[in-house]
Each structure stands twice: as C-alpha cells, then as structure tokens.
Amino acid sequence: MERKVKELIDRLEKNHTLDTAEYAVLIRERTPETAGYLARKADALRRSIYGNSIYIRGLIEISSCCKNNCLYCGIRRGNRECERYRLTPEQILECCAQGYALGFRTFVLQGGEDPGFSDELVCQTVRAIRNRFPDCAVTLSLGEKSPKIYRLYHEAGAERYLLRHETADPVHYRKLHPREMSWAHRMDCLHVLRKTGFQVGCGFMVGSPFQTAECLAADLKFLEEFQPEMCGIGPFIPHHGTPFREYPAGTPELTVYLLSLIRLILPGVLLPATTALGTIAPDGREQGILAGANVIMPNLSPASVRKKYELYDNKLCTGDESAQNCASLRRRMEKIGYEIVTGRGDPAV
C-alpha cells in the first residue's frame, strides 16, 4: 500500500488532480514515510514558485460579537462567558499604522458576523485604510453576506475575502452548525465572491467532530475544482464554552499532511501555517512551512482584546504570535531556511 500511496502522490504532483476516492486513500493509508515523501515534494514545488519567501499578513480581529451559534466556535452567540468587544475604525487604523511601520503590507480584518458593525462602517474603514496606506492590500473575513454587500466591500477597496467553507460534505456541515445555517448558502457565497472580483480564500478544520477520511477527500476535491487563491486549514481545537468541549482536538500530523496535499493540488495557492497549528504544537508553524505553507498571520489586534477573540481554548495571541515580535518570528523562519518578506504577496495563480 505504501507504494500505491507514493504512486498517487507522484500522479498528483504531475497532474494536480485525483478522484475523490484516491484522495481518501492518501488520507487513510498515510505513514510517516509517505508523509515525509509528500512534504519534500510540496516544499520543492512551493520553492519553484515562491522561492524561500514567506509572506506575512497583519491580523486585526475587529469584533468578538457574532449572531451565529456554530457548535465549535468560542465566540458563538450562545457562549455567555465570551467577552464581547467591537473595535472602532480609529482603533483599526491605529493597528494598521503600527503594522505598516513593522513592514506589513496586507491587513486582514476578521470578526464574527456582527450586526452591530454595520456594512457601511466596514466600507468606511476599508476606504480609510486604502487612502492612508495605498500600497497595501485589505482582506476581509466577516462571514456570509449578500451579493450587494460583497460588491460594496469590493468597491470600497477590499481585494481579498476569506470564507472558510468548513466542510464540503453537506451532511457533515449539518452536524457542525445550527439549523438556521445552510451549507448551500455558504457555498453560494464563495461563488458570489469569485464573481464579484475578489481573490477568494476558503478552508476547513482538520479533525472536527464526525469528520471522516471521505469528508476530507471531499474537501480536497472541492479545492481542486474551486481553485481558490488562498486556503486556510488548521486543526480543530475544542473550546470549553461550546457543545464540542469534550471532543478530541485534531492533530498537527494530519494538518501538515493535508497542507502538503493542498500544495500539490494548487501549486500557486497562498497557504498559511495557521495560529491553530502553532497553538497545538510548539513548532507547528515550522512544520507547516516545511510542508508547503508560505503565509504567516501575526496578530495586530490591540493587546487588550487579543484574549477575548477566543475561537478555541488556549489560542496563541502573545509571544511570537504578536506582530510586535516579528523579529523573533523572522529568526525562527531563517533557522529553517526561509525568509519573511514584506510586500502584498499576491498569489501566483
């Protein structure tokens, strides 16, 4: 079977496509040896496109308020222990100013689906960032919106939008979300974003409750067909304030393996080594980069609110996770042969 897995990896490297059943075989039958084989190929492919450059994005978590009640999320509406906050446009601009001085040229505004942070205010904030920092890209990650609102965001100057699809299996989606949320609507939003003109990012949790190898295979096939410019995956980590508090976390091993597979499927994709991966393993960032990732997203949020945006337990938000400690992060990347670069870091797709 190991030979079969390597043959599938070789074919994926060449053609960037397999059928869904073959993706499931790669997931179920992986071994440490085949994982190493895959990671080396993913690293080589990424280097052939991006060299040893690692792009940084300044993450600004603008609101911990959310109208949704997703079963896995620490800022879900039903979590009464969550400390809610909402940044002002002035606070967000100050975060951008600090980030700009540190060399960041992409800012990612992320938050819950917060009715109190109006769409007009989002557009006003985006325009202010683009006017003050015209050489920077603005990425939004604010959940499901109408086609009209996505268009207004884009016209205001946002160029990228991140919306994790969470799972490409509608049955699995239903087990992770409340009844009022729809898998079909989530997928429709991704297609609307693409038609609107955004660079689009999607992604999924690794090891989420009820996930199977077939679920993950469907995720990989969806990525292959949708061809996102960005893809964010990270291990599921339970939060004590959710119905999934007792479920086991996903593993760094499977997360890193899937990063490598995604690199072979989407050679030019912008692929983060996520905060969740760094949370669950001390060297998670390094593992992800060595396996084909090429983006890191340090936290630019005000220090006073970083712990309040707690999607899962023990989320990293200080130390090297902080944008202000970028020098330390730079040294860690240099130690494994990579270089953090400034610039917008547009996708090579």
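This briefing covers one helix and a few loop residues of the structure above. The model is predicted, with local features needing pLDDT of at least 70 and side-chain atom pairs counting only at pLDDT 80 or more, while totals for chains, interfaces and linings use all residues. Residues are numbered from 1 along each chain as its sequence is written, and side-chain values use heavy atoms, with hydrogens and water left out.

**Helix α1**
- Helix α1 (residues 2–15; helices are DSSP runs of H or I with at least four residues, strands runs of E with at least two, numbered from the N terminus) has 14 residues and reaches 20 Å from its first C-alpha to its last, close to the 20 Å expected at 1.5 Å a residue, where the expected span is 1.5 Å times one less than the number of residues.
- Val5, Leu8, Ile9 and Leu12 are the buried residues of α1, buried meaning under 20% relative accessible area, exposed over 50% and partly exposed in between, with a 1.4 Å probe and protein chains only.
- These residues lie on the same side of α1 because they cover an arc of only 100 degrees around the axis, taken from the directions from the helix axis to the C-beta atoms.
- Arg3 and Lys14 are exposed on the other side of α1.

**Loop residues**
- Glu166, in the loop between β5 (160–162) and α7 (170–176), is not a glycine yet has a positive phi of about 70 degrees, and Glu166 counts as buried because its relative accessibility is 8%.
- Phe210, in the loop between β6 (199–206) and α9 (213–226), has a positive phi near 75 degrees and counts as partly exposed at 41% relative accessibility.
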